[in-house]
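I opened this entry to record the fold, the sheet, the core and two residues. My notes follow the order in which I looked things up.

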Amino acid sequence: MKTIEIFTDGACKGNPGKGGWGALLRAGATEKELSGSDPATTNNRMEMTAVLRALQALREPCAVKLHTDSRYVIDGMTKWMFGWVKKGWKTADNKPVKNEDLWRALVEAARPHKVEWIWVKGHDGHVENERVDKLASDAAKAA
């Protein structure tokens, strides 16, 4: 199984507001940057979209080391998801899960892969995180 490193970030100018996302995929010495925008979104949706688009770009099942500064994405995928599914996509206090559409898509996109979720501190000089932050910010400005 091929090992891929993925670095992702989302940005929003206003929350809600114009948003952008960025991702860097790395397999050995080969790198690919992805980015996109949404004219009316939230920061959390852009964080999720960055991960989703990066996973969807993989052409075969991979061992993925996914780096993000979003605790929301990591906790959603590694902790909260199980309860939401069990409760029919309701939160602990029985409210609908926010961003259910993207959570469902993320589950499907991650399914073929062995994903290791790695949290990185944002805006702390982490080279790849700074790089995807710029991709996301530039996309948000262009939205």
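I began with the secondary structure: the protein chain has four helices and five strands. Helices (H or I, at least four residues) and strands (E, at least two) are DSSP runs, numbered from the N terminus. Read from the N terminus, the elements go β-β-β-α-β-α-α-β-α.

I noted the provenance next. This is a predicted model, in which local features need pLDDT of at least 70 and side-chain atom pairs count only at pLDDT 80 or more, while totals for chains, interfaces and linings use all residues. Residues are numbered from 1 along each chain as its sequence is written, and side-chain values use heavy atoms, with hydrogens and water left out.

**Overall dimensions**

I checked the radius of gyration, which is taken over C-alpha atoms; the globule rule is 2.2 Å times the number of residues to the power 0.38. The protein chain comes to 15 Å, close to the 15 Å that the rule gives for 143 residues, so it is as compact as a globular protein of that length. The C-alpha trace spans about 45 × 40 × 25 Å along its principal axes.

I then looked at the surface. Accessible areas come from the Shrake-Rupley method with a 1.4 Å probe; for residues, only the protein chains shown count as cover. The protein chain exposes about 7,500 Å² of accessible surface, and 52% of that belongs to carbon and sulfur atoms. Of the 143 residues, 48% are buried. Buried means under 20% relative accessible area, exposed over 50%, and partly exposed in between (1.4 Å probe, protein chains only).

Contacts came next (heavy atoms within 4.5 Å). Among contacts with a separation of 6 or more, 66% join residues 24 or more positions apart.

**The sheet**

What is the strand order of the open sheet? I read 3-2-1-4-5, five strands with mixed pairing. Two strands pair if DSSP finds at least two bridges between them. Strand 3 (30–41) and strand 5 (114–119) are the edges; each has a single partner strand, so one side of each is left without a neighbour in the sheet. From one strand to the next, the twist averages 20 degrees. Axes are lines fitted to C-alpha atoms, for helices over the stretch in contact, and angles run from 0 to 180 degrees between N-to-C directions.

I went through the pairs. Strand 1 (residues 2–14) and strand 4 (residues 62–68) are parallel, with seven bridges. Thr-3 faces Ala-63 in strand 4. Helix 1 (residues 43–56) packs on the sheet and touches strand 1, strand 2 (17–27), strand 3, strand 4 and strand 5. Its direction makes about 155 degrees with that of strand 1.

Strand 1 and strand 2 run antiparallel, joined by ten bridges. Two residues make the hairpin connection between them. Strand 2 and strand 3 are also paired in the antiparallel sense, over ten bridges. Here Gly-22 has Ser-35 in strand 3 as its bridge partner. The hairpin of strand 2 and strand 3 has two residues between the strands, and Gly-28 in the turn has a positive phi of about 65 degrees. I found strand 2 mostly covered, with nine of its eleven residues buried.

**The core**

A nonpolar core is a set of buried Ala, Val, Leu, Ile, Met, Phe, Trp, Tyr and Cys residues joined through side-chain atoms within 4.5 Å. The largest one has 32 residues. Those with the most contacts inside it are Ile-6, Leu-55, Leu-58, Val-64, Leu-66, Trp-103 and Trp-117. Strand 1, strand 2, helix 1, strand 4, helix 2 (71–86), helix 3 (100–110) and strand 5 each supply at least two residues. Helix 1 gives the most, seven residues.

I followed Leu-55 outward. Beyond neighbours within four places in sequence, Leu-55 is in contact with Ile-6, Val-64, Leu-66, Ala-109, Ala-110, His-113 and Val-115.

**Two residues**

Is Ile-6 buried or exposed? I have Ile-6 as buried, at a relative accessible area of 0%. Ile-6 lies in strand 1 and stands opposite Leu-25 in strand 2. Not counting residues up to four places away in sequence, Ile-6 touches several residues, including Leu-24, Ala-54, Leu-58 and His-67.

Ala-27 belongs to strand 2. With 29% relative accessibility, Ala-27 counts as partly exposed. Leaving out residues up to four places away in sequence, Ala-27 touches Thr-3 and Ile-4. The C-alpha atoms of Ala-27 and Trp-117 are 17 Å apart, with their positions 90 residues apart along the chain.
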